[in-house]
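User: I should like a close look at one part of this model. Please treat the charged pairing there in detail and then set it beside the other pairings and the cysteines.

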Amino acid sequence: MIGIARDIENVLTRYPTLKRMPGKYIVLEGVFTAHSEDGTIAIDDYDVRITIMSDYPYSFPKVEETGNKILPKNATRHINSDGTLCLGNPVDEARVCRNGITLAWFLENVLNPHLCREYVRDKKGSYITGERSHGMEGIWESYFDVFDTKDKEHILREIGMILSSPDIGRNDPCYCHSGRKYKICHGKIEPKVLDIGRNKLEAIYHQLKRSA
């Protein structure tokens with residue numbers, strides 16, 4: 001993984017309309033041009049403020065759209081209460097960032113598609129691609145996919161059991177007492193649940209319990 005200083009330098013070279021602002025924290029401000037996937041078609045310009053957080057590159061930077069093109073500034077337009085863009089729920093973000101990201105990758109694969117969707121929303125009046133819900137419901141939806149059920153109580157039981165599960169071998173009986181070997185029972189789903197890290201899973205688990 002490249003260092004943060006080189007990471008920022010690469011981005012400022014690639015996106016000359018962004019400038020690093022003076023101060024204690026790493027903040028980039030300027031114009032980001034939303035563009036087609038291959039970069040050949042400019043779609044629209046957005047004034048942005050990008051703040052690198054202390055846990056970067058294992059989390060997304062915070063992005064504010066400062067030109068008031070995306071309105072209203074609320075959950076219906078995927079904007080958080082602090083004014084930053086909601087670029088994904090914590091589960092999906094943790095999964096993507098588990099091995100670290102680069103700022104250039106983030107701009108191309110997270111921010112650019114997000115702004116393109118918002119542009120279409122303004123022109124068409126609705127989003128044309130599937131969107132997770134805002135807030136806790138979006139987190140639930142990510143686990144609906146993993147467990148292939150919308151039964152929240154079942155999902156909570158499964159996550160709780162995985163978090164408290166003992167270390168066992170692949171050929172040992174599964175800890176859920178299904179009678180099957182671990183490798184063909186929870187050994188299949190456990191990696192999909194723990195891929196965000198046990199600490200983050202525990203934090204999200206408690207959030208889900210409070211919202212159920």
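With which residue does D92 form a salt bridge, and how far apart are the closest N and O atoms?

Analyst: The model is a predicted one. In it, D92 forms a salt bridge with R95, and the closest N and O atoms of the pair are 3.4 Å apart. Both residues belong to helix α2, where they stand three residues apart and are thus separated by about one helical turn. An α-helix has 3.6 residues a turn, so residues three or four places apart point the same way. Side chains of opposite charge can pair when their charged atoms come close. The two partners fall into separate burial classes: D92 is partly exposed at 22% relative accessibility, whereas R95, with a relative accessible area of 19%, is buried. The cut-off explains this assignment, because buried means under 20% relative accessible area.

The surroundings of the helix come next. R95 is one of the buried residues of α2, which are V91, E93, A94, R95 and C97. The cover over these buried residues includes three helices, α4 (136-147), α6 (186-194) and α7 (198-211). At the N-terminal end of α2, N89 acts as a cap, with a side-chain oxygen 2.9 Å from the backbone nitrogen of V91.

The loop between β4 and α2 contains N80, a partly exposed residue with a relative accessible area of 23%. Apart from neighbours within four places in sequence, N80 is in contact with L85, C86 and H134. H134 is 54 residues from N80 along the chain, and the C-alpha atoms of the two are separated by 8.7 Å.

The D92 pair may now be set beside other salt bridges, of which the structure holds nine. One of them joins E118 to R77, with the closest N and O atoms 2.9 Å apart. E118 lies in helix α3 (residues 103-124) and R77 in the loop between β4 and α2, so this pair ties together parts that are 41 residues apart in sequence. E118 is buried, at a relative accessible area of 1%, and R77 also counts as buried, at 1% relative accessibility.

Another salt bridge links R49 with E64, whose closest N and O atoms are 3.3 Å apart. Because R49 is in strand β3 (residues 42-51) and E64 in strand β4 (residues 62-65), the bridge ties together parts that are 15 residues apart in sequence. R49 is partly exposed, with a relative accessible area of 27%, and E64 counts as partly exposed at 23%. These two residues also belong to a network with E29, formed by salt bridges that share partners.

The cysteines remain. The count of disulfides is zero, since a disulfide requires a pair of cysteine sulfur atoms within 2.5 Å. For C174, the closest cysteine sulfur is that of C176, at 3.6 Å, which is too far for a bond. C176 likewise provides the closest cysteine sulfur to C185, at 3.5 Å, and this too is too far for a bond. C174 counts as buried at 4% relative accessibility, and C185 is buried with a relative accessible area of 9%.

To return to the part requested, the D92 and R95 salt bridge lies within α2, a helix capped by N89 and with buried residues covered by elements including α4, α6 and α7.

Definitions and conventions: Residues numbered from 1 in each chain as written. Predicted model: local features only at pLDDT ≥ 70, side-chain atom pairs only at ≥ 80, totals over all residues. Heavy atoms only, no water. Salt bridge = Lys/Arg side-chain N within 4 Å of Asp/Glu carboxyl O. Helix = DSSP H or I, 4+ residues; strand = E, 2+ residues; numbered from the N terminus. Buried < 20%, exposed > 50% of the residue type's maximum accessible area, 1.4 Å probe, protein only. Contact = heavy atoms within 4.5 Å. Polar contact = N/O pair within 3.5 Å; in protein donor to acceptor, adjacent residues only side chain to side chain.
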